[in-house]
Amino acid sequence: MARRLILVSNRVAVPDTEGARRAGGLTVAIHAAQKLRDNVWFGWSGEVCECETPPPPTVITRERRSFILQDLPATDYQEYYNGFANRVLWPIFHYRVDLAEFNTVELGGYLRVNRLFADALSSVVQPDDVVWVHDYHLLTFARELRALGVDSPIGFFLHIPCPPPDILLTLPQHADTLGALMQYDLVGLQTERDAANLGNYFEQSLGAIRRGNGVFERDGRRVQLRAFPVGIATNVYARAAKCAARTQNVAELRDSLGDKRLIMGVDRLDYTKGIPQRIQAFGHFLDRYPEWHEKVTLLQVTPKSRTEVREYADLEHEVSALVGTINGAHAAPAWTPIRYLNRSFSRGMLAGMYRVAHVGLVTPLRDGMNLVAKEYVAAQDPDDPGVLILSQFAGASEGMEGALIVNPHEPDAVSDAIRTALNMPLAERQARWQAMFAYLQENDIDRWAEDFLSALMGTRHSGGFREGIWRLFSGGAAAA
């Protein structure tokens with residue numbers, strides 16, 4: 001009998017729904033694993049109910065895939081999601097201890113929802129199933145499943161950065177949440193630095209014994225830590241960008257620029273993305289290099305997120321004010337230096353816009369990976385590629401040496417990188433792009449999923465697994 005893969009995440013994106021149309025990087029990653037037969041994807045439905053007791057989960061079946069969706073009571077949603085996950089874990093994992101707001105009630109809600117999810121899934125898990133859990137919302141999920149008697153291989157992937165122990169230790173009662181990661185068989189992280197940070201935490205703060213090869217042991221349990229950098233569907237995205245570049249919307253963007261160069265940034269509105277620093281660096285560029293006035297435009301696409309959280313509302317006001325100040329100081333009758341768009345675009349439309357952009361400006365203050373950087377490179381015209389400017393604090397900087405790597409906290413360095421990118425000769429642009437595109441092809445999203453699942457099963461079985469991974473999960477053939 002073929003093994004079944006059970007995927008678990010905070011949100012579930014059922015095909016042909018609004019959630020699927022607005023899919024982010026985590027959803028794209030899960031879709032790569034879903035190419036296997038007999039998949040189950042479990043998580044929050046996105047619905048909040050006015051009830052005290054959570055309703056039974058809903059099951060939706062699409063071809064060979066099942067989706068199990070759990071609604072949450074309003075109190076659970078507030079304490080688990082808006083509270084502990086996004087007001088405590090998110091800032092701490094992104095090195096922003098100053099923004100963390102901890103209270104024991106919200107920690108209780110976080111633990112309660114992890115237990116609720118485990119209870120709902122435990123009756124579904126079969127002895128031969130393999131469970132793959134995703135992201136910081138579900139740190140304690142494996143511990144809850146183990147308490148219910150589930151002994152299947154359980155893996156976890158952290159899609160955001162992992163800071164060093166000194167920062168992790170600022171999390172109150174850290175052993176109750178971070179320590180629960182020891183209940184997984186495999187924990188995957190975005191970069192070698194992230195894996196080293198978590199390993200040091202296990203060893204120094206939990207007293208785990210390092211057994212070599214990324215394996216740590218504590219209280220009779222072993223967990224392996226490894227870096228698995230998330231990729232994209234490189235060739236698929238490149239074809240989509242080539243097609244999208246011929247659409248009317250992209251043609252209108254190109255026409256609106258005239259002979260001006262386009263610099264493009266795309267980020268969810270979040271304090272980790274360094275958007276104010278980026279806007280300021282572009283203004284600094286205009287101050288230092290007036291010869292580029294009326295010759296270049298920055299298009300910053302920034303959909304709003306978490307608008308109910310005060311820090312995000314404050315950030316929106318800050319960015320809007322900066323854009324207004326710079327445009328007011330530099331604009332001409334036929335030139336707006338910064339175009340600032342607070343809305344979402346389809347992945348296809350973005351791919352076409354990336355292909356038009358002469359420079360991709362990706363400068364987060366801290367990011368687990370940042371797939372925008374990879375998508376920008378994949379979208380380029382091989383004959384006339386743009387230049388990627390990339391923060392040294394994005395996980396994507398490991399392996400993307402063809403980018404211009406910058407410190408987003410240094411406005412001089414970022415403005416100089418913009419000037420370098422705009423002046424870069426064609427031959428150098430092509431050489432840099434070719435190196436990055438080859439890397440993205442070799443390390444695409446399908447390889448990421450295969451490598452993780454191979455390693456997960458390798459924690460229970462010795463040798464010879466990797467070559468049989470698809471046969472083991474799919475009964476001999478991958479789903480179409």
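Asn-10 is buried, because its relative accessible area is 6%, and the cut-off for a buried residue is under 20%. The structure discussed here is a predicted model. The residue belongs to strand E1, which covers residues 5–11.

The surroundings of Asn-10 can be described next. Leaving aside residues up to four places away in sequence, Asn-10 touches Gly-43, Trp-44, Tyr-80, Tyr-81, His-137 and Leu-138. With one of these residues, Tyr-80, there is also a polar contact: the side chain of Asn-10 and the side chain of Tyr-80 make this contact at 2.6 Å.

A second region to follow is strand E10, formed by residues 221–227. This strand is mostly covered, since five of its seven residues are buried. Two strands that pair with E10 are E7 and E9.

Strand E7, comprising residues 186–189, pairs with E10 in the parallel sense, and four bridges connect the two. Within this arrangement, Leu-186 stands opposite Gln-224 of E10.

Strand E9, comprising residues 215–218, pairs with E10 in the antiparallel sense, again over four bridges. Here Arg-218 has Arg-221 in E10 as its bridge partner. E9 and E10 together form a hairpin, with two residues between the strands. In the turn of this hairpin, Asp-219 has a positive phi of about 55°.

Strand E10 therefore has a parallel pairing with E7 and an antiparallel pairing with E9, where a pairing requires at least two bridges between the strands.

Notes. Residues are numbered from 1 along each chain as its sequence is written. This is a predicted model: local features need pLDDT of at least 70, side-chain atom pairs count only at pLDDT 80 or more; totals for chains, interfaces and linings use all residues. Side-chain values use heavy atoms; hydrogens and water are left out. Buried means under 20% relative accessible area, exposed over 50%, partly exposed in between (1.4 Å probe, protein chains only). A polar contact is a pair of N or O atoms within 3.5 Å; within protein, one must be able to donate a hydrogen and the other to accept it, and residues adjacent in sequence count only if both atoms are side-chain atoms. Contact means heavy atoms within 4.5 Å.
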